[in-house]
Amino acid sequence: MSIKITDECINCGACELECPNHAIYEGGKKWRISDGTSKKITKCKNPIKKDIYFIVSEKCTECVGFYEEPQCVIICPVNCCIVDDNHLESKEDLLKKKKFLHDGIPIKF
Ligand code: SF4
Ligand code: SF4
């Protein structure tokens, strides 16, 4: 599954620095698959949220492949990084996503 940020976000920015996949963006910012990954997909996509930080589910691996626990969940001072029930994925799929983002292994979203 991926993690999402709720409206309780206070825009502190702490989570963005911790994400190994560069899946977290400041509200209003455009995002790209290539940001912080080995992919060459540089097409800019529109922000998912305008006023608060957001997580790109295509890039979030729940930190699988890097850490035992989701780093944004641990660091967030107001506990607003939670499981996104709309993007449920198995650990195996999350590991495939990690390999796609960083090791060049192709998968379909
Ligand atoms: S769970 Fe990990 S990969 Fe997903 S957004 Fe949080 S820090 Fe990034
Ligand atoms: S750490 Fe929490 S409060 Fe701070 S920007 Fe991230 S989601 Fe928002």
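A residue counts as near a molecule or strand if one of its heavy atoms lies within 4 Å of it. With that in hand, let us look around this structure together.

This is a predicted model, in which local features need pLDDT of at least 70 and side-chain atom pairs count only at pLDDT 80 or more, while totals for chains, interfaces and linings use all residues. Residues are numbered from 1 along each chain as its sequence is written, chains are lettered from A and ligands numbered from 1 in the order in which they are written, and side-chain values use heavy atoms, with hydrogens and water left out.

## Around the two ligands

Which residues surround ligand 1? The shell is made up of Ile 3, Cys 19, Pro 20, Asn 21, Ile 24, Ile 55, Cys 60, Thr 61, Glu 62, Cys 63, Pro 70 and Cys 72. To sort them, we count Ala, Val, Leu, Ile, Met, Phe, Trp, Tyr, Cys and Pro as nonpolar, Asp, Glu, Lys and Arg as charged, and the others, Gly among them, as polar. On that scheme, the shell of ligand 1 has nine nonpolar residues, two polar and one charged.

Ligand 2 has 13 residues around it, and the closest are Cys 9, Cys 12, Gly 13, Cys 15 and Cys 76. Its shell splits into eleven nonpolar, two polar and no charged residues.

## Salt bridges

A salt bridge here is a side-chain nitrogen of Lys or Arg within 4 Å of a carboxyl oxygen of Asp or Glu. How many does the whole structure hold? The search finds five salt bridges, and the table shows some of them.

| Salt bridge | Closest N to O distance |
|---|---|
| Lys 29 and Glu 26 | 3.0 Å |
| Arg 32 and Asp 35 | 3.0 Å |
| Glu 89 and Lys 97 | 3.1 Å |

Are the partners buried or exposed? We call a residue buried under 20% relative accessible area, exposed over 50%, and partly exposed in between (1.4 Å probe, protein chains only). Lys 29 is partly exposed at 42%, and Glu 26 is partly exposed at 34%. In the next pair, Arg 32 is partly exposed at 30%, whereas Asp 35 is buried at 12%. In the last pair of the table, Glu 89 is partly exposed at 25%, but Lys 97 is buried at 2%.

## Rings, and a charge over one of them

A pair of aromatic rings is described by the distance of the centres and the angle of the planes. Rings of Phe, Tyr and Trp (its six-membered ring) pair if their centres lie within 6.5 Å; planes under 30 degrees apart count as stacked, over 60 as edge-to-face and the rest as tilted. The structure holds one aromatic pair. The partners are Tyr 25 and Phe 54, stacked with 5.8 Å from centre to centre and 15° between the planes. Tyr 25 lies in strand 2 (residues 24-25) and Phe 54 in strand 3 (residues 54-55), so the pair ties together parts that are 29 residues apart in sequence. Strands (E, at least two residues) and helices (H or I, at least four) are DSSP runs, numbered from the N terminus. Both Tyr 25 and Phe 54 are buried.

Another ring has a charge for company: Lys 98 lies over the face of Phe 66, at 5.2 Å from the ring centre. This label requires NZ of Lys or CZ of Arg to be within 6 Å of the ring centre and within 35 degrees of the ring normal.

## Helix 3

Lys 97 and Lys 98 both turn up again among the buried residues of helix 3, together with Leu 94, Phe 100, Leu 101 and His 102. Helix 3 covers residues 91-103, which is 13 residues, and reaches 17 Å from its first C-alpha to its last, close to the expected 18 Å. The expected span is 1.5 Å times one less than the number of residues.

## Two unusual backbone angles

Most residues other than glycine have a negative phi. His 22, however, has a positive phi near 50°. His 22 sits in the loop between helix 1 (14-18) and strand 2 and is partly exposed at 29%. Cys 63, which we met in the shell of ligand 1, also has a positive phi, of about 70°. Cys 63 lies in the loop between strand 3 and helix 2 (71-75) and is buried at 8%.

## Distances along and across the chain

Ile 10 belongs to the loop between strand 1 (2-5) and helix 1, and Ile 10 is exposed at 52%. Ile 10 and Ile 52 are 42 residues apart in sequence and 7.4 Å apart in space, C-alpha to C-alpha.
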